[in-house]
Amino acid sequence: MSYQLIELDIQATDNIQCLHCQQHVINWAEEQYIQPCEHVLFIAMDIGFEYMTDEFEQTMPRSVDDLHAHDDQVNMFAEIVKSTYPDYLIFKSDLGIEGYFRYVGFTA
Ligand SMILES: [Zn+2]
């Protein structure tokens, strides 16, 4: 295990900022609210991935396409933490649906 899980105490409608460069990587003021900076490895929800770098995907045992093809049987968080990426942070935040979360991965 080489990740650190940080649970954000924010609402589903709040922006999420990069801890390195302060960019709003989830920015609800933008039509395209996914605004990854160079420090973002992935942006995922329990129900699927919204963004992932090729570099991070290569460290996962299964491809994103494969996971999405089986998204009714796959636990996305469990798949993310199977990554062999050396050191990363996961920001976990409420998705606004009971029991569902968003996960934003950053370089450490
Ligand atoms: Zn950044």
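In which strand is alanine 44 found? Alanine 44 belongs to strand E4, and the legends below return to this residue after an overall view of the predicted model.

**Figure 1. Overall view of the predicted chain.** The secondary structure comprises three helices and seven strands. Read from the N terminus, the elements follow the order β-β-β-β-β-α-α-α-β-β. The C-alpha trace extends over about 35 × 30 × 25 Å along its principal axes. The radius of gyration is 13 Å, which agrees with the value near 13 Å for a compact globule, because the chain has 108 residues. Of these 108 residues, 20% count as buried. Among the contacts with a separation of 6 or more, 46% are made by residues 24 or more positions apart.

**Figure 2. The open sheet of five strands.** The strands are arranged in the order E1-E6-E7-E4-E5, and their pairing is mixed. Strand E1 (3-7) and strand E5 (48-52) form the edges, each pairing on one side only. From one strand to the next, the twist averages 20°. In general, strands of a sheet pair through backbone hydrogen bonds, in either a parallel or an antiparallel sense. Both senses are illustrated in the two views that follow.

**Figure 3. Close-up of edge strand E1 and its partner E6.** E1 and E6 are paired in the parallel sense, over five bridges. Within this pair, tyrosine 3 stands opposite tyrosine 88 in E6. Is E1 largely in the open or buried? The number of buried residues among the five of E1 is zero, so the strand lies largely in the open.

**Figure 4. Close-up of the antiparallel pair E6 and E7.** Strand E6 (residues 88-94) and strand E7 (residues 101-107) run antiparallel and are joined by seven bridges. Leucine 89 faces its opposite residue, phenylalanine 106, in E7. Phenylalanine 106 is also one of the residues with the most contacts inside the largest nonpolar core.

**Figure 5. Close-up of the hairpin between E4 and E5.** Two residues connect E4 to E5 in this hairpin. The two strands run antiparallel, with four bridges between them. Isoleucine 43 stands opposite tyrosine 51 in E5. Tyr51 is also among the contacts of phenylalanine 42, once neighbours within four places in sequence are left aside.

**Figure 6. The largest nonpolar core.** This core has 18 residues, and those with the most contacts inside it are Val40, Leu41, Phe42, Ala44, Val104 and Phe106. At least two residues each are supplied by E3, strand E4 (40-45), helix H3 (76-80), E6 and E7. Which element gives the most to this core? E4 does, with five residues. Phenylalanine 42, leaving aside its neighbours within four places in sequence, is in contact with Phe49, Tyr51, Met52, Thr53, Phe56, Ile80 and Gly105.

**Figure 7. Close-up of alanine 44 in strand E4.** Alanine 44 counts as buried because 23 C-beta neighbours lie inside 10 Å, and the threshold for burial is 20 or more. Apart from neighbours within four places in sequence, alanine 44 is in contact with Phe49, Glu50, Met76, Ile80 and Tyr103. Ile80 likewise appears among the contacts of phenylalanine 42. Aspartate 72 lies 28 residues from alanine 44 along the chain, and the C-alpha atoms of the two are separated by 15 Å.

**Figure 8. Close-up of the loop between E2 and E3.** Cysteine 21 and glutamine 22 are both placed in this loop, which is bounded by strand E2 (16-17) and strand E3 (24-26). Are these two residues buried or exposed? Cysteine 21 counts as exposed because it has 10 C-beta neighbours inside 10 Å, and glutamine 22 counts as exposed because it has 9; the limit for an exposed residue is 12 or fewer. Not counting residues up to four places away in sequence, cysteine 21 touches Cys37 and His39. Cysteine 21 and phenylalanine 91 are 70 residues apart in sequence, and their C-alpha atoms are 15 Å apart in space. Glutamine 22 has a positive phi of about 70°, although it is not a glycine.

Note on methods:
Residues numbered from 1 in each chain as written. Predicted model: local features only at pLDDT ≥ 70, side-chain atom pairs only at ≥ 80, totals over all residues. Pairing = 2+ DSSP bridges. Axes fitted to C-alpha atoms, helices over the stretch in contact; angles between N-to-C directions. Core = buried A, V, L, I, M, F, W, Y, C linked by C-beta atoms within 7 Å. Contact = placed C-beta atoms within 7 Å. Rg over C-alpha atoms; globule rule 2.2 N^0.38 Å.
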